[in-house]
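Here is a short tour of one protein chain, written with the bench in mind. Have the sequence and the 3D view open as you read.

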Amino acid sequence: MSAGARTGEGPLAIIAGAGQLPAEIAAEVAGRQEEVAILPIKGVANADFSAFRQQPVGMLDPNGVLAALGGLKARAVIMAGTVHRPGIGLVMAGYEAVRNRDEIRKVVQGGDDNLLRGIIAFLEDNGFPVLGVRDVAPGLMAQAGLLGRHGPDEADWQDITSGQKALAAMGASDIGQGVVVVQRRVLAVEAAEGTDNMIRRVTGLRRKGLIGRLLRHGRPAVAEQSGGVLVKAAKPGQDFRVDLPAIGPRTVRLAREAGLGGIAIEAGSVLVVERATTIKAADAAGLYIIGVAP
């Protein structure tokens with residue numbers, strides 16, 4: 001928390017992008033009998049917030065956001081949901097009145113994570129502490145154990161263990177949050193393209209019949225058809241306000257298309273979006289989802 005941060009007596013304010021996550025967070029907070037308010041981003045947020053106090057804000061109107069938070073006397077802020085990154089020109093036009101122009105340019109050109117960190121710094125510099133999903137809605141994070149009907153077999157556990165070791169080794173280099181492992185061999189590593197596109201790369205390899213050629217051991221003929229696991233975990237020192245590892249229904253669909261056998265996620269550190277829908281989809285696809293200890 002910044003030195004200038006204050007603790008208001010009002011609600012937790014959720015700056016909401018697209019998707020169901022902001023509503024899921026609000027429901028968990030309200031379920032604890034804590035006050036919550038939604039600041040839906042105009043033209044972006046699309047969930048049903050009718051059960052909550054709302055005050056729409058513009059993505060490129062920082063003064064409007066501050067005014068809304070001040071009017072609410074918000075005790076803290078959380079940013080949740082999907083927002084497509086605007087171009088530098090739009091961000092510069094919106095924020096130049098409240099931040100140094102050179103500083104804005106450095107923030108925007110530094111990548112998505114850097115942009116989010118810049119927004120967090122802006123909010124906290126103006127007195128509003130920024131929290132992460134894990135802080136305010138821990139029930140949305142993966143717990144240890146199976147999340148559906150299906151479970152890993154012994155070979156799957158070997159793949160999961162290999163994936164965890166690979167992610168631990170990658171963590172020191174801040175490379176990514178996910179890997180795909182088949183027959184104890186890491187076939188794909190998440191890079192800047194994100195988890196979804198990493199899985200799509202595996203789908204392409206499998207459709208071209210290339211996976212068997214990449215394996216050092218096992219039965220390539222079987223591996224070409226199915227098998228393997230997506231392993232996802234937080235990076236060491238992860239700032240959970242900026243880039244929270246997550247899976248959801250789309251992850252399950254892509255894993256099925258890639259012929260994977262399941263998904264293993266770090267308990268307590270990976271968000272499960274639309275949990276009921278995600279588990280139902282995995283059960284229908286014959287995939288396992290399991291929360292594993294770090």
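The notes below go from the whole chain to one sheet, then to a strand within that sheet and a surface patch. Please keep in mind that this is a predicted model. The chain has 294 residues, of which 49% count as buried, and its secondary structure comprises twelve helices and 13 strands.

**The chain as a whole**
- The accessible surface comes to about 13700 Å², and carbon and sulfur atoms account for 50% of that area.
- Taking contacts between residues at least 6 apart in sequence, 72% join residues at least 24 apart.

**The six-stranded sheet**
- If you trace the open sheet from one side to the other, its six strands come in the order 6-13-11-9-7-8, with mixed pairing.
- At the edges sit strand 6 (145-146) and strand 8 (185-189), each of which pairs on one side only.
- Helix 7 packs on this sheet and touches strand 7, strand 8, strand 9 (229-232), strand 11 and strand 13. The direction of helix 7 makes about 145° with that of strand 7.
- Strand 11 (residues 262-266) and strand 13 (residues 288-292) run in the parallel sense, paired over five bridges. In this pair, Glu 266 of strand 11 stands opposite Val 292 of strand 13.

**Strand 7 and its neighbours**
- Strand 7 (178-182) pairs with strand 9 in the antiparallel sense over four bridges, and its pairing with strand 8 is also antiparallel, over four bridges.
- Val 180 is a handy residue to click on: it stands opposite Leu 230 in strand 9, while its bridge partner in strand 8 is Ala 188.
- How many of the five residues of strand 7 are buried? Five of the five are, so the strand is mostly covered by the under 20% cut-off for relative accessible area.
- In a regular strand, side chains alternate between the two faces of the sheet. Here Gly 178, Val 180 and Val 182 are buried on one side, and Val 179 and Val 181 are buried on the other.
- Two residues lie between the strands in the hairpin of strand 7 and strand 8, where Gln 183 takes a positive phi near 50°.

**A nonpolar patch on the surface**
- Ile 175, Val 186 and Val 189 form a nonpolar surface patch, together offering about 190 Å² of accessible area.
- Ile 175 belongs to the loop that links helix 7 (154-171) to strand 7.
- Is Ile 175 buried, exposed or partly exposed? Its relative accessibility is 43%, so Ile 175 counts as partly exposed.

Definitions and conventions
Residues are numbered from 1 along each chain as its sequence is written. This is a predicted model: local features need pLDDT of at least 70, side-chain atom pairs count only at pLDDT 80 or more; totals for chains, interfaces and linings use all residues. Side-chain values use heavy atoms; hydrogens and water are left out. Patches are made of residues with over 30% relative accessible area and no salt bridge: like charges are joined within 9 Å, nonpolar side chains (Val, Leu, Ile, Met, Phe, Trp, Tyr) within 5 Å. Accessible areas come from the Shrake-Rupley method with a 1.4 Å probe; for residues, only the protein chains shown count as cover. A salt bridge is a side-chain nitrogen of Lys or Arg within 4 Å of a carboxyl oxygen of Asp or Glu. Buried means under 20% relative accessible area, exposed over 50%, partly exposed in between (1.4 Å probe, protein chains only). Two strands pair if DSSP finds at least two bridges between them. Contact means heavy atoms within 4.5 Å. Axes are lines fitted to C-alpha atoms, for helices over the stretch in contact, and angles run from 0 to 180 degrees between N-to-C directions.
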